[in-house]
Amino acid sequence: MSDSRPIALDAMGGDHAPHEIVAGAVHAVRERGLHVVLVGSPRVLYEALADHDATKEIPIVRAEEALAMDEGALASLRRPRSSLAVACHLVRRGDAGAVVSAGSTAAIVATGRLRLKGQQGVLKPAIAVALPTLPHPTLLLDAGANAEAKPEMLVQFAHLGAAYAELAHGVEQPRVGLLTIGSEAEKGNKLVKRAHELLQGSPGIHFTGNVEGYDLLTGQADVITTDGFTGNVALKTMEGAVRYAFTELQESIGDSRLARLGAAMQRSRLRELRRRLDAEAYGGAVLLGLNGTVVIAHGSSRAQGISAACRLADDLSSSGIVTDVGERIAATHRSHRLW
């Protein structure tokens with residue numbers, strides 16, 4: 001499937017909006033050959049594009065309102081003409097293939113549900129994050145869309161993740177793990193214990209049991225399902241630990257001439273490892289379960305992260321993966337009524 005529609009980039013969302021967002025759009029267009037439209041205040045965006053001599057390269061769609069990073073789900077109702085809402089409207093109308101935003105996660109989820117609606121059979125959308133395991137990424141979901149969840153939702157997240165892992169990463173019969181505090185079936189709270197029971201009897205799911213926090217990067221599971229609160233805490237803890245480890249490594253290398261020599265000899269491998277563990281290199285997370293492709297970039301994303309998010313959104317849009325995932329979930333729901 002090919003899709004020549006542009007990526008609708010929310011230029012007003014993110015810690016470094018709009019300048020880093022615009023710089024990311026320019027990089028995506030010039031270096032990746034993508035088609036991007038910026039959504040936001042025309043005056044502000046025109047000035048930012050002028051700094052890159054790109055006023056004729058990237059179109060602007062007017063949206064005078066913007067959602068602040070500290071605004072939550074209710075802001076999507078208070079600001080129906082926000083840059084994020086207009087970007088979603090472009091996708092719903094068929095004028096754009098996907099939405100990319102580095103804005104407030106709560107606002108993105110709420111606006112996406114309001115403007116794009118949930119796919120058939122989907123209880124709640126879930127944020128799927130690709131963790132940098134080898135030979136293919138491990139999908140963690142939900143990574144922050146639903147702080148409160150029911151056991152049936154965790155089962156659905158498992159189905160969403162398994163379908164995405166198979167379609168996007170070519171994983172046959174993805175192994176699904178349930179994130180909790182112990183590998184034994186009886187470990188965890190009521191939510192996890194009931195979800196474990198449901199996953200064991202869920203048709204179409206290759207459930208391999210519980211996984212713990214230290215399993216996130218081991219590749220023990222292809223898909224890890226959890227509630228949005230636990231998933232978001234686990235994800236940010238992992239990101240912080242990786243950042244800390246690299247900072248300590250850099251300082252250790254700088255303390256010794258011999259260490260600097262060894263690092264120079266292993267420079268390419270260290271550079272590749274850092275690139276693989278860099279959250280921005282993956283382009284953000286995918287909000288699965290909506291009638292449209294939505295990519296959530298890291299709130300602190302700089303230009304490179306925004307460009308990578310646009311590339312991910314374009315790949316998903318052009319391949320129709322989000323639609324295919326929805327069709328699988330709908331078929332599973334009709335056949336088995338699992339939730």
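Q: Why is Thr138 called buried or exposed?
A: Thr138 has a relative accessible area of 2%. Buried means under 20%, exposed over 50% and partly exposed in between, with a 1.4 Å probe and protein chains only, so Thr138 is buried. The model is a predicted one, in which local features need pLDDT of at least 70 and side-chain atom pairs pLDDT 80 or more, while totals for chains, interfaces and linings use all residues. Residues are numbered from 1 along each chain as its sequence is written, and side-chain values use heavy atoms, without hydrogens and water.

Q: What makes the approach of Thr138 to Ala221 a polar contact?
A: The side chain of Thr138 comes to 3.0 Å from the backbone oxygen of Ala221. A polar contact is a pair of N or O atoms within 3.5 Å; within protein, one must be able to donate a hydrogen and the other to accept it, and residues adjacent in sequence count only if both atoms are side-chain atoms. The 3.0 Å between Thr138 and Ala221 is therefore inside the distance limit.

Q: Which residues does Thr138 touch, leaving out those up to four places away in sequence?
A: Among them are Val129, Leu131, Leu216, Ala221 and Ile224. Contact means heavy atoms within 4.5 Å. Thr138 itself is in strand E6 (residues 138-141); strands (E, at least two residues) and helices (H or I, at least four) are DSSP runs, numbered from the N terminus.

Q: Why is the pair Glu20 and Arg302 called a salt bridge?
A: The closest N and O atoms of Glu20 and Arg302 are 3.8 Å apart. A salt bridge is a side-chain nitrogen of Lys or Arg within 4 Å of a carboxyl oxygen of Asp or Glu, so the pair qualifies. It links distant parts of the chain: Glu20 is in helix H1 (residues 19-32), and Arg302 is in the loop between strand E11 (293-296) and helix H11 (303-319), 282 residues apart. Glu20, at 22% relative accessibility, is partly exposed, and Arg302, at 43%, is also partly exposed.

Q: How do you know that Glu64 and Arg62 pair, and how exposed are they?
A: Their side chains form a salt bridge with 2.5 Å from N to O. Glu64 has a relative accessible area of 52% and is exposed; Arg62 is exposed too, at 52%. The whole structure holds nine salt bridges.

Q: What makes the 60 residues a nonpolar core, and where does this core lie?
A: A nonpolar core is a set of buried Ala, Val, Leu, Ile, Met, Phe, Trp, Tyr and Cys residues joined through side-chain atoms within 4.5 Å. The largest one has 60 residues, and those with the most contacts inside it include Leu9, Leu38, Tyr164 and Cys310. Helix H6 (residues 151-169) gives the most to this core, with 10 residues. Domain 1 (1-122 + 289-319) and domain 2 (126-281) both give residues to it, so the core lies between them; the domain bounds come from an automatic or database domain assignment.

Q: How do you know that the buried residues of H2 lie on the same side?
A: The buried residues of helix H2 (residues 42-50) are Pro42, Leu45, Ala48 and Leu49. They cover an arc of only 130° around the axis, which puts them on the same side of H2; the arc is that of the directions from the helix axis to the C-beta atoms. Their cover includes H1, strand E2 (36-40) and strand E3 (60-62).
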